[in-house]
Amino acid sequence: MFTIQPLSQWDIPDESLIVGMFKGNRKQQTFYSKLNEQMDNMLEHYVQEGDIRDDAQKVTVIHTLNQINPKRLYIVGLGHRKQLDLQTLRKVFGTVFKKIQEDERESVSIVLESFVPDHLSEKVAAEVLAEAKQMATYIFPHYKTGNEQSKKRIDRIRVLVSEDERDIQNAITVGQAFGIGANTARQLVHMPGNLLNATELANFSRKLAEKYGFDIEILEKEDMERLGMGALLAVNQGSVEPPKMIVLKYQGKEKWEDVIGLVGKGITFDTGGYSLKTKDGIVGMKTDMGGAASVLGAMETMGILKPRNNVVAVIPATDNMISGSAFKPDDVVTSFSGKTIEVRNTDAEGRLALADAIVYARHHRAERIIDVATLTGGVVVALGDWVTGAMTNNIELYEKIEEASRYTGEPIWQLPYFDVYRDQVRKSEIADLNNSPGRKAHPIMGGAFLGEFAEQTPWVHLDIAGTAVSDQPHELGPKGPTGVMARTLAKFVIEEK
């Protein structure tokens with residue numbers, strides 16, 4: 001898909017050429033000046049007339065009228081040079097690639113240095129370029145019948161560079177890996193619950209393990225009964241589909257030590273159980289396995305890039321259904337840790353499944369744990385669909401996750417985790433814990449419940465109920481599942497020392 005070519009060659013066989021343009025002093029923008037000269041000052045004329053805009057993310061298509069070899073130029077506004085940060089650059093690339101796909105251009109060239117401000121490098125820009133291309137042009141698969149003609153897709157991108165070609169190629173490989181992981185997560189979340197049940201999620205995980213050489217363990221219902229995973233089993237009681245506890249292990253070090261645990265909620269459809277969701281609220285609950293999808297997307301990125309760290313991914317997978325055998329409010333269940341739980345809300349099922357998974361990650365010697373879950377509607381009320389809620393018992397670990405999220409453009413915000421919140425989930429007259437103290441501070445209560453199972457293990461909880469799905473198209477993809485946190489998790493693992 002990507003080929004690298006020195007900018008000095010100036011041999012551009014593709015019909016379309018992408019060039020960035022900063023605000024102000026265009027004479028100092030070397031490539032723009034050279035291009036403008038070869039086109040008899042036509043570009044500058046268009047700028048003066050207002051036909052070419054240099055505001056960030058403004059894309060103008062100019063036909064060259066055979067003055068140069070490319071037939072058309074995509075002039076991409078970048079705004080002020082000093083204000084172009086990594087997140088804006090990622091959006092800029094996403095915007096232009098969406099436009100090129102819309103125009104059905106199959107091959108393009110891009111002058112990378114024209115997009116690089118003084119405080120960034122071509123290498124960083126190349127990584128973001130490849131990542132944005134993967135994500136922005138992603139199209140969700142559908143199940144429609146008929147002879148719908150597919151649009152042409154971009155299949156060749158020539159990157160014209162000034163820096164070392166090997167460094168740029170390596171950066172593009174990294175960017176592609178991050179984009180692929182995010183798209184894997186998107187596709188899983190997009191699948192309907194009848195096609196992606198716990199068994200199929202396990203089958204997907206098995207194929208991923210075979211592809212990248214991960215160790216894999218799939219616990220069946222009988223294994224969970226023998227081990228005493230009563231919390232996950234309770235959620236599964238109403239279903240005809242058997243549960244799965246999915247474990248993937250990636251070993252990047254010589255010894256299995258200093259293990260990072262990634263735990264993803266895998267509720268493949270959530271009715272709410274006897275605490276039934278509304279007719280409107282139940283639509284879209286195929287997305288309740290978004291945490292599991294993020295973890296699997298991160299594992300795919302790691303499978304490509306082979307970081308030097310040890311990772312265990314644990315996914316508790318089941319649906320939450322209603323039947324004569326389903327668990328009920330007032331039930332008491334015994335978790336894998338041995339702690340008993342009073343069920344006050346069967347729609348707070350994700351934390352039950354995750355409780356057993358967190359303890360099982362510790363069983364696999366995870367020394368740091370990050371759980372990801374579409375856990376609470378309350379976090380959407382608190383933070384909207386733009387920011388992921390987070391809780392932690394270890395600020396040092398949290399700060400590393402936050403740093404990774406800033407790099408990937410997936411912002412998180414730390415919610416409080418005080419004793420007063422812990423006390424609420426410990427209030428039960430008949431059990432050690434209760435799974436739903438009430439509506440007050442609801443997203444915090446969900447996280448505080450999980451903290452009871454992380455115990456002293458450094459732990460970060462990420463509630464993606466708001467950010468897992470976008471209700472409108474955006475620079476890095478279409479409306480629908482976002483694959484949020486797949487890139488952040490992978491970035492954290494790759495950078496962790």
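Helices and strands are DSSP runs, numbered from the N terminus, a helix having at least four residues and a strand at least two. On that basis, A431 lies in the loop between helix α13 (419-425) and strand β17 (433-434). The structure is a predicted model. This briefing considers helix α1 and then three individual residues, A431, E300 and I322.

**Helix α1**

- Helix α1 spans residues 30-38, and its buried residues are F31, Y32, L35 and N36.
- These four residues lie on the same side of α1, because they cover an arc of only 130 degrees around the axis.
- An α-helix has 3.6 residues a turn, so residues three or four places apart point the same way.
- The exposed residues T30 and E37 are carried on the face of α1 that is turned away from its buried side.
- The partners against which the buried residues of α1 pack are two strands early in the chain numbering, β2 (16-21) and β4 (72-77), together with α2 (42-49) and β5 (107-111).
- Just after α1, residue D40 adopts a positive phi of about 55 degrees.

**A431, a residue in a loop**

- A431 has a relative accessible area of 11% and is therefore classed as buried, since that term applies to values under 20%.
- When residues up to four places away in sequence are not counted, A431 touches V332, T340, I341 and E342.
- A431 and T334 are separated by 97 residues in sequence, yet their C-alpha atoms are 9.1 Å apart in space.

**E300, a residue in a helix**

- E300 is located in helix α9, which comprises residues 290-305.
- The relative accessible area of E300 is 5%, so this residue is buried.
- The side chain of E300 forms a polar contact of 2.5 Å with the side chain of T184.
- Apart from neighbours within four places in sequence, the residues in contact with E300 are I180, T184, L208, K211 and Y212.
- T184 thus appears both in the polar contact with E300 and among the residues that E300 contacts.

**I322 and a nonpolar surface patch**

- I322 occupies the loop between β11 (310-320) and β12 (332-334).
- With a relative accessible area of 37%, I322 is partly exposed.
- I322 joins Y274 and L276 in making a nonpolar surface patch of about 290 Å².
- The value of 37% for I322 is consistent with its place in the patch, because patches are made of residues with over 30% relative accessible area.

Conventions: Residues numbered from 1 in each chain as written. Predicted model: local features only at pLDDT ≥ 70, side-chain atom pairs only at ≥ 80, totals over all residues. Heavy atoms only, no water. Patch = residues over 30% accessible without salt bridge, like charges linked within 9 Å, V, L, I, M, F, W, Y side chains within 5 Å. Areas by Shrake-Rupley, 256 points an atom, 1.4 Å probe, with all protein chains shown as cover. Salt bridge = Lys/Arg side-chain N within 4 Å of Asp/Glu carboxyl O. Buried < 20%, exposed > 50% of the residue type's maximum accessible area, 1.4 Å probe, protein only. Arc of directions from axis to C-beta. Contact = heavy atoms within 4.5 Å. Polar contact = N/O pair within 3.5 Å; in protein donor to acceptor, adjacent residues only side chain to side chain.
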